Amino acid sequence: MTGLTARQVHRRYLILHGLRWAPVGLLIPVWVLLMLERGLALPQIGLVVAAQGLAVLLLELPTGGLADAIGRKPVLIGAAAANLASLSLLAVADSFALFVAVMLLQGLYRALESGPLESWYVDATLAADPDARYEHGLSHGAVVGGLAIAAGALACGALVAIGPVSPVSALTGPVVVAGVLQVVGLVGLALLLVEVRPPGGAPTLTASVRQVPSVVLGALGLLRRSRVLVALVAVELFWGFGMISFETLMPVRLAEVAGDADRAAALLGPVGAVAWLASAGGAALVPALSRRLGAPVTAAAFRILQGATVVAMALLAGPVGVIVAYLACYAIHGASNPVHMGLLHRQVDGPHRTSVVSLNSMVAQPAGALGGVVLMAIAGAASVSLAMLVGAAVLAAAAPLYLVSPGPSWIGRRGRWVWNGRPTEPPRRI
């Protein structure tokens with residue numbers, strides 16, 4: 001596929017994955033606080049978040065099919081360009097309409113980048129070594145992503161602590177630096193991602209684009225033939241809604257208990273760094289835990305535990321208690337994703353891989369949009385704590401979906417395939 005060895009694919013995937021997530025680390029601590037600083041109310045912020053979710057809902061499957069049809073590299077480069085445009089607009093946005101425009105661009109970015117890099121890694125690894133255990137690489141990617149976000153969050157805290165550098169405010173500085181890092185990531189994609197595509201110029205491109213609807217329909221067809229895939233995709237509905245409780249509401253909750261938004265932003269820098277180090281640690285430990293308990297049981301337990309940590313964030317008084325619960329939440333968050341994605345990739349082969357990953361991501365977006373509107377409305381009308389408790393309940397409610405169909409498509413103990421606890425042969429992929 002690429003002429004690269006499995007080791008080279010692994011190394012390049014980790015580098016590109018780190019470059020993708022470092023700008024996110026810079027933005028997480030200040031994203032909501034920046035909108036509050038520029039005059040938006042909590043219900044307005046909920047609508048802004050919903051704009052991104054709706055954009056991804058409309059674009060996720062077509063862009064996933066586009067990546068499978070024309071190649072992952074051009075789609076990822078387009079995603080990086082969209083993110084750079086959104087960050088440039090975010091640096092100057094000062095109204096509800098402009099923040100909606102920022103989030104629509106973010107929605108385009110998320111739709112384009114969701115899946116192609118991971119799918120390239122899996123297919124390129126299997127092309128180099130058909131017996132490779134790419135789940136380990138996905139876990140390593142989660143570790144690198146956590147470390148990259150931690151470094152970005154730490155840098156964010158330092159930039160906010162330094163204060164404004166005229167004419168850039170303290171909360172805007174991290175946005176500017178994130179834009180610079182996105183330029184570095186764009187260059188990295190151009191140089192490191194090697195993908196072999198048939199030559200042919202514009203006619204081939206046109207023919208590939210025409211394949212997008214059939215690729216998308218093929219991915220949707222997989223849902224009709226796999227109960228396991230339906231259950232895994234359904235998990236994302238709950239996850240997308242519930243993540244608002246700790247991603248979007250956490251800065252507001254910390255500002256509430258700390259008594260000051262700037263203090264909360266300064267705290268969220270180092271706290272966010274430690275949180276994503278905890279996330280990386282959880283991702284590093286999950287292969288051993290998954291082998292011992294089985295991936296479905298492990299994934300289900302993580303959903304319940306994460307809901308419990310959000311309950312703690314909602315109810316504990318004082319910054320220390322909220323921060324400790326937040327760190328535990330992100331340790332579980334980092335461990336959950338590679339388990340979920342490993343199970344998902346086991347359900348599909350290369351031709352529809354990116355489309356299925358996009359389908360998985362797509363369903364989280366309308367759920368996240370709904371969560372943003374509902375939970376922010378609850379926070380504005382009642383309290384932030386009540387909104388977080390609702391989000392925690394939704395997160396935990398996803399747990400049984402991992403156990404709906406414990407057939408041979410699930411990985412069991414010590415890396416073997418099992419059917420209701422008994423070793424069996426791997427199933428044929430659909």
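These are my notebook entries on helix H4 and the salt bridges of this predicted model.

**Entry: helix H4**

I began with the length of H4, which runs over residues 72-90. At 1.5 Å a residue, its 19 residues should span 27 Å, and I found its end C-alpha atoms 27 Å apart, which agrees.

I then looked up which residues of H4 are buried, and the list reads Arg72, Val75, Leu76, Ala79, Ala80, Ala82, Asn83, Ser86, Leu87 and Leu90. Seen down the axis of H4, these buried residues fall within an arc of 165°, so they line one face of the helix. I noted beside this that an α-helix has 3.6 residues a turn, so residues three or four places apart point the same way.

**Entry: Ala79**

From that list I picked Ala79, which lies in H4, and I asked myself whether Ala79 is buried or exposed. Its relative accessible area is 0%, and because buried means under 20%, Ala79 counts as buried.

Leaving aside residues up to four places away in sequence, I found that Ala79 touches Tyr109, Leu112 and Glu113. I also checked Gln106, which is 27 residues from Ala79 along the chain, and the C-alpha atoms of the two are separated by 9.2 Å.

**Entry: salt bridges**

How many salt bridges are there? I counted three, and I went through them one at a time.

Glu113, already noted as a contact of Ala79, has its side chain in a salt bridge with that of Arg20, at 2.9 Å from N to O. This pair links distant parts of the chain, since Arg20 belongs to helix H1 (residues 6-27) and Glu113 to helix H5 (residues 96-113), with their positions 93 residues apart in sequence. I recorded both Arg20 and Glu113 as buried.

The next salt bridge brought me back to H4, where the side chain of Arg72 meets that of Asp123 at 3.1 Å, N to O. Here too the link is between distant parts of the chain, with Asp123 in helix H6 (residues 116-128) and Arg72 in helix H4, 51 residues apart. Both Asp123 and Arg72 are buried.

The remaining salt bridge joins the side chains of Glu256 and Arg253, at 2.7 Å from N to O. These two are three residues apart in helix H12 (residues 249-258), so about one helical turn separates them. I looked up the exposure of each partner as well: Glu256 is partly exposed, with a relative accessible area of 43%, whereas Arg253 is buried, with 7%.

Note on methods: Residues are numbered from 1 along each chain as its sequence is written. This is a predicted model: local features need pLDDT of at least 70, side-chain atom pairs count only at pLDDT 80 or more; totals for chains, interfaces and linings use all residues. Side-chain values use heavy atoms; hydrogens and water are left out. Helices (H or I, at least four residues) and strands (E, at least two) are DSSP runs, numbered from the N terminus. Buried means under 20% relative accessible area, exposed over 50%, partly exposed in between (1.4 Å probe, protein chains only). Contact means heavy atoms within 4.5 Å. A salt bridge is a side-chain nitrogen of Lys or Arg within 4 Å of a carboxyl oxygen of Asp or Glu. The expected span of a helix is 1.5 Å times one less than its number of residues. The arc is that of the directions from the helix axis to the C-beta atoms.
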